[in-house]
Amino acid sequence: SPRAYAYRSSKAALNAAMHGLALELAERRIGVLLLHPGWVRTRMGGDSATLSPAESVGAMLALVDRFELAQSGTFLRYDGTTVPW
């Protein structure tokens, strides 16, 4: 979709930086997990968003609880599906 170029660019840069950080920290056995919260009913997401903040956070906390070092550097949606690079 058009517009929001600065916002979208900053998100892409952050994701790329965290992926690189995951590679750098792997030898120290420190993991990095990138999470997409989904479309959440906030001021940004609006009233039509599909998830409440509690649903989004609860789902992401479950992913953190199940995190394994082999997943470091992956980008997951709140529901555990992989976001392709």
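Helices (H or I, at least four residues) and strands (E, at least two) are DSSP runs, numbered from the N terminus. This is a predicted model, where local features need pLDDT of at least 70, side-chain atom pairs count only at pLDDT 80 or more, and totals for chains, interfaces and linings use all residues. Residues are numbered from 1 along each chain as its sequence is written, and side-chain values use heavy atoms, with hydrogens and water left out.

**Exercise 1.** Work out which elements the protein chain has and in what order they run.

*Solution.* Start with the tally: the protein chain holds two helices and two strands. Next, read from the N terminus, and you get α-β-α-β. Finally, lay the C-alpha trace along its principal axes, where the span is about 45 × 30 × 20 Å.

**Exercise 2.** Decide whether lysine 11 and asparagine 15 are buried, partly exposed or exposed (buried is under 20% relative accessible area, exposed over 50%, partly exposed in between, with a 1.4 Å probe and protein chains only).

*Solution.* First, place them: lysine 11 sits in helix H1, residues 5-25, and asparagine 15 is in helix H1 too. Lysine 11 has a relative accessible area of 38%, so call it partly exposed. Asparagine 15 comes in at 17%, so that one is buried. Then check what asparagine 15 touches, with contact meaning heavy atoms within 4.5 Å. Skip its neighbours within four places in sequence, and asparagine 15 is in contact with Leu34, Phe75 and Trp85. For scale across the whole thing, 21% of the 85 residues of the protein chain count as buried.

**Exercise 3.** Find the largest pocket and say which element supplies the largest share of its lining.

*Solution.* Set the rules up first: on a 1 Å grid over the protein atoms alone, a pocket is an open set of points where a 1.4 Å probe fits, with protein on both sides within 12 Å along at least five of seven lines, and lining residues have an atom within 4 Å of a point. The largest pocket then has a volume of about 580 Å³. It is lined by 19 residues, and Tyr7, Lys11, His36, Pro37 and Gly38 are the closest to its centre. H1 and strand E1 (34-36) each supply at least two residues of that lining. The largest share, five residues, comes from H1.

**Exercise 4.** Find how far lysine 11 is from alanine 54.

*Solution.* Count along the chain first: the two are 43 residues apart. Then take their C-alpha atoms, which are separated by 23 Å.

Conventions. Grid points are joined across faces, edges and corners, and a volume is the space filled by probe spheres set on the points.
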